[in-house]
Amino acid sequence: MNEDTNDIYRRGLSALMQSSALINSSLQTADVLNYAMKAAEEFMEAEASSVYELDTEKGEIFFRLARGEKGGIIKSRRLKPGEGIAGWVIQSGKPMVVEDVQKEGRFSDRFDRETGFKTRSLICVPLTIRGKTIGALQVINKKNGVPFTEEDTELLTALAQQIAVALDNAKLYQRLEENFELTAEELKITQRKLIRSERSAAMANLVQAVAHEVRNPIMSIGGFAARMKDGLDKNHKFRKYLDIILQETSRLEKLVQDVRELSEMQTVYLQPANMNNLLSEVIEGFSPIMSRESIDLAADIEENLPTITIDRAQISRALKNIIENSIEALPTGGTIELKAWTVDSHIRIIVKDFGVGIDEDKFDSILDPFVTSKATGAGLGLTMVYQIVKNHQGEIDIKRGSDRGTVVALDIPVNLKSEMEG
Ligand SMILES: Nc1ncnc2c1ncn2[C@@H]1O[C@H](COP(=O)(O)OP(=O)(O)OP(=O)(O)O)[C@@H](O)[C@H]1O
Ligand SMILES: [Mg+2]
């Protein structure tokens with residue numbers, strides 16, 4: 001197995017998630033950049049980093065900020081598109097890895113001369129949002145002196161996607177603040193929505209990039225461990241270690257499989273569906289587990305709900321994930337209420353349980369991947385629900401129950417806007 005891949009894996013999905021959550025936790029451009037560069041340096045084990053922004057109006061590249069352990073922040077500088085390495089990356093929209101800057105004609109040592117910093121190697125990747133390049137992110141000098149790898153580039157590209165979303169949100173918010181006189185409360189709500197919007201999807205992409213990287217190594221670890229176990233004597237003391245390896249690899253394989261399923265959710269197959277049938281089927285599917293777990297599922301569903309155009313399998317899946325969470329929140333049994341009715345131009349579905357409830361500090365992040373309070377949970381259930389609701393231009397709201405437990409409300413529009421139908 002390739003050691004670099006192993007390395008990426010070791011650096012940890014969960015740490016990556018945390019930093020990308022941080023990058024997306026603010027709408028102040030300066031904060032976003034600061035967190036982003038710190039994360040880039042940490043994950044790439046780089047000595048320094050810099051961000052470039054394209055000013056489309058002036059046709060110039062704005063050298064936003066550079067930072068590194070040795071301190072020294074370079075303030076704004078300007079480049080022409082195509083000029084230097086960042087200029088090339090922004091113009092072409094392609095990443096560039098330079099093992100030795102001395103051998104790269106596009107490298108300019110202008111900044112090095114000013115700062116006294118010595119650039120040896122670098123990776124520069126474009127910051128892209130909705131197919132448009134808005135800037136570039138560069139990390140400089142891998143710490144132990146070795147060159148950057150292909151895997152570093154992939155990871156940095158995935159991270160750049162997060163950063164682009166965060167930057168874009170920050171700018172949009174800035175424009176909103178400037179152009180509208182919103183009340184503090186309105187601003188707060190907009191801010192929350194903006195942070196939420198696209199963050200979850202971009203995170204899911206990041207997770208997919210990492211899952212893709214670790215799939216093959218996991219398979220070889222599992223495969224070789226199984227062969228080693230076959231070759232060992234029945235009472236050999238290493239058998240129990242191999243069993244642990246096999247258990248853990250199969251857990252990881254399942255995780256990778258879940259992530260793959262999440263990425264498949266991005267494709268939607270729309271068809272007219274009878275919601276009363278769909279809801280009955282979902283409820284029916286749970287009846288064995290409900291009686292086993294002593295849970296009472298009380299359904300209150302409006303008769304003759306309108307036929308709506310949805311991806312039937314996806315909406316069922318979303319409801320199942322929500323109900324599963326409620327079941328898991330009721331370890332000693334209890335009641336789950338499922339209600340559905342028409343409100344204006346959408347169908348509202350509410351799943352309410354009287355279980356353990358969601359911790360206050362988790363509320364903001366439960367839709368993000370890998371956020372879980374369960375020993376065996378992947379933390380992908382609600383990420384998937386969010387993706388599905390977004391696919392249907394719907395809304396999701398998760399609240400604490402008035403007394404205890406949790407209330408999840410979904411609003412699914414009866415008529416999707418036509419762009420969805422294409
Ligand atoms: N009805 C609920 N009651 C209490 N906590 C909940 C409820 N729904 C979600 N949560 C909290 O939100 C977390 C994230 O839920 P999510 O469905 O995304 O992942 P998971 O259930 O932990 O794992 P997975 O669904 O991938 O098996 C849960 O771990 C739990 O802490
Ligand atoms: Mg779940």
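Which residues have the most contacts inside the largest nonpolar core? Here are some friendly notes on that and on other parts of the structure.

1. A word on the source: this is a predicted model, so please read the points below in that light. The protein has 422 residues, and 32% of them count as buried. Its secondary structure comprises 12 helices and 13 strands. Among contacts with a separation of 6 or more, 66% join residues that are 24 or more positions apart.

2. Now to the opening question. A40 and L156 have the most contacts inside the largest nonpolar core, a set of 88 residues. Helix α6, residues 150-179, gives this core its largest share, with 11 residues. As general background, nonpolar side chains tend to be buried together in soluble globular proteins.

3. A40 is a good place to begin if you have the model open. Leaving aside residues up to four places away in sequence, A40 touches A46, S49, L137, V139, L156 and L159. L156, one of these partners, is also named with A40 for having the most contacts inside the core.

4. Next comes a backbone detail. E45 is not a glycine, yet its phi is positive, at about 50°. This residue sits in the loop that links α3 (29-44) to β1 (46-55). Is E45 buried or partly exposed? E45 counts as partly exposed because it has 16 C-beta neighbours inside 10 Å, and being buried would take 20 or more.

5. D344 also has a positive phi without being a glycine, in this case about 45°. It is found in the loop between β10 (334-343) and β11 (346-353). D344 counts as exposed because it has 8 C-beta neighbours inside 10 Å, and the limit for exposed is 12 or fewer.

6. The loop with D344 belongs to a hairpin: β10 and β11 have 2 residues between them, and D344 is in the turn. The two strands run antiparallel and are joined by 8 bridges. One of the pairings puts T342 with I347 of β11.

7. How are the strands of the open sheet ordered? The order is β8-β10-β11-β13-β12, making 5 strands with mixed pairing. The edges are taken by β8 (295-301) and β12 (395-400); each has a single partner strand, so one side of each is left without a neighbour in the sheet. On average, neighbouring strands here are turned by 15° against each other, direction ignored.

8. Strand β13 (residues 406-413) has two pairings to look at. With β11 it runs antiparallel through 8 bridges, and H346 stands opposite P413. With β12 it also runs antiparallel, here through 6 bridges, and D397 stands opposite A409.

9. A helix lies across part of this sheet. Helix α10, residues 275-292, crosses β8, β10 and β11, and it runs at about 170° to β8.

10. Finally, the ligand. Around ligand 1 there are 23 residues, and the closest are N325, T372, G377, G381 and L382. Which helices each supply at least two residues of this shell? They include α11 (312-328) and α12 (381-391). By class, the shell is made up of 12 polar, 8 nonpolar and 3 charged residues.

Definitions and conventions:
Residues are numbered from 1 along each chain as its sequence is written. Chains are lettered from A and ligands numbered from 1 in the order in which they are written. This is a predicted model: local features need pLDDT of at least 70, side-chain atom pairs count only at pLDDT 80 or more; totals for chains, interfaces and linings use all residues. A residue is near a molecule or strand if its C-beta atom, placed from the backbone, lies within 6 Å of it. Helices (H or I, at least four residues) and strands (E, at least two) are DSSP runs, numbered from the N terminus. Ala, Val, Leu, Ile, Met, Phe, Trp, Tyr, Cys and Pro count as nonpolar, Asp, Glu, Lys and Arg as charged, and the others, Gly among them, as polar. A nonpolar core is a set of buried Ala, Val, Leu, Ile, Met, Phe, Trp, Tyr and Cys residues joined through C-beta atoms within 7 Å. Two residues are in contact if their C-beta atoms, placed from the backbone, lie within 7 Å. Two strands pair if DSSP finds at least two bridges between them. Axes are lines fitted to C-alpha atoms, for helices over the stretch in contact, and angles run from 0 to 180 degrees between N-to-C directions.
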